[in-house]
Amino acid sequence: MTAEPGTRTGHEDVGSSFAPPPDSTTPELVLCAVDDLLAQAWTTVADTVDGRVFVHRGSVLDVVAQAVVSPANSYGWMRGGIDAVYARAYPEVEQNVRSAVLAYHGGELPIGEAVIVPTGEAEPAWLISAPTMREPGERLPRDTVHPYLAARAAFRQWRDGRLDQGRVRDLVHTIAMPGLGTGFGGVAPAACARQVAAAWNEVFTPGRTRNGR
């Protein structure tokens, strides 16, 4: 499903407190792109994985979701790219991410791990910080698997994570995800899409062959 720019993709009548059915085994994932190349790459994920995966051509901020994914750096600084967009939209979120990274990971969140923090807003209520690079603005090598590691960490956070309010999977029905490493990181959109699909299969349909790494 592809939404036109400016539309709000998701469940219009669902607020941040919505909980998926108890037997839900995957979140609804909305893959967001503000450019054609990434939007086209994202369609290959939606077309090939099992689950509720959709494409939105437009800003991640347009999506009705309970959580958004931040393709962060390991230190939680949110000063560039989509992270700067998040920090402007959710003024409390950068401090929340940095506090969580300090409290649970000694100040550096390893690539392959993720934290979930409140945005300080009603919707989306949560941000999943899953680093694609160690240093802010780092250029990633062509053979990087960091988008795979970041996506896998975000999906595992949904599947296994717990908050004071309960299980993440009971609090988050829809996740909005921008490109992972496709901005400053320089990852090709097609490579990012393959790796996100591989991460989805790793976490949610482990019997399928992984071909994105």
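How many of the chain's 213 residues count as buried? The share is 53%. Keep in mind as you explore that this is a predicted model. The mean pLDDT of the chain is 89, and 86% of its residues reach 70 or more.

Some stretches call for more caution. Over residues 1–8, pLDDT stays under 50, and the model has 19 contacts for them beyond four places in sequence. Residues 10–20 also have pLDDT under 50 throughout, with 25 contacts beyond four places in sequence.

Now for the overall build. The chain has six helices and nine strands. Looking at contacts with a separation of 6 or more, 69% are accounted for by residues 24 or more positions apart. On the outside, the accessible surface of the chain comes to about 9,500 Å², and carbon and sulfur atoms make up 49% of that area.

Let us step into the interior. In soluble globular proteins, nonpolar side chains tend to be buried together. Here, the largest nonpolar core has 48 residues. Within this core, the residues with the most contacts are Trp 42, Phe 155, Met 177 and Val 196. Helix H6, residues 189–204, contributes the largest share of the core, ten residues. Val 196 is a good place to pause: leaving aside residues up to four places away in sequence, Val 196 touches Leu 31, Trp 42, Ala 151, Phe 155, Met 177 and Leu 180. There is also a second, separate core of 18 residues, and among its members are Val 68, Val 93, Val 97 and Ala 100.

From the cores we can turn to charged side chains. Side chains of opposite charge can pair when their charged atoms come close. A search of the whole structure finds six salt bridges, and a few of them make a nice tour.

Start with Arg 79 and Glu 94, whose side chains meet in a salt bridge with an N to O distance of 2.8 Å. Arg 79 sits in the loop between strand S4 (67–70) and helix H2 (81–89), while Glu 94 belongs to helix H3 (residues 93–105), so the pair ties together parts that are 15 residues apart in sequence. Are the two partners buried or exposed? Arg 79 counts as exposed because its relative accessibility is 59%, whereas Glu 94, at 15%, counts as buried.

Next, look for Arg 134 and Glu 108, which form a salt bridge at 2.7 Å, N to O. Arg 134 is in the loop between strand S6 (126–129) and helix H4 (146–160), and Glu 108 is in the loop between H3 and strand S5 (115–118), so this salt bridge ties together parts 26 residues apart in sequence. Arg 134 counts as partly exposed, with 38% relative accessibility, and Glu 108 is partly exposed too, with a relative accessible area of 29%. Which residues are linked in a network of salt bridges? They are Glu 108, Arg 134 and Glu 135.

One further stop is the salt bridge between Asp 170 and Arg 167, where the closest N and O atoms are 2.8 Å apart. Asp 170 is partly exposed, with a relative accessible area of 28%. Its partner Arg 167 counts as partly exposed at 30% relative accessibility.

Technical notes. Residues are numbered from 1 along each chain as its sequence is written. This is a predicted model: local features need pLDDT of at least 70, side-chain atom pairs count only at pLDDT 80 or more; totals for chains, interfaces and linings use all residues. Side-chain values use heavy atoms; hydrogens and water are left out. A salt bridge is a side-chain nitrogen of Lys or Arg within 4 Å of a carboxyl oxygen of Asp or Glu. Helices (H or I, at least four residues) and strands (E, at least two) are DSSP runs, numbered from the N terminus. Buried means under 20% relative accessible area, exposed over 50%, partly exposed in between (1.4 Å probe, protein chains only). pLDDT is the predictor's confidence in each residue, from 0 to 100. Contact means heavy atoms within 4.5 Å. Accessible areas come from the Shrake-Rupley method with a 1.4 Å probe; for residues, only the protein chains shown count as cover. A nonpolar core is a set of buried Ala, Val, Leu, Ile, Met, Phe, Trp, Tyr and Cys residues joined through side-chain atoms within 4.5 Å.
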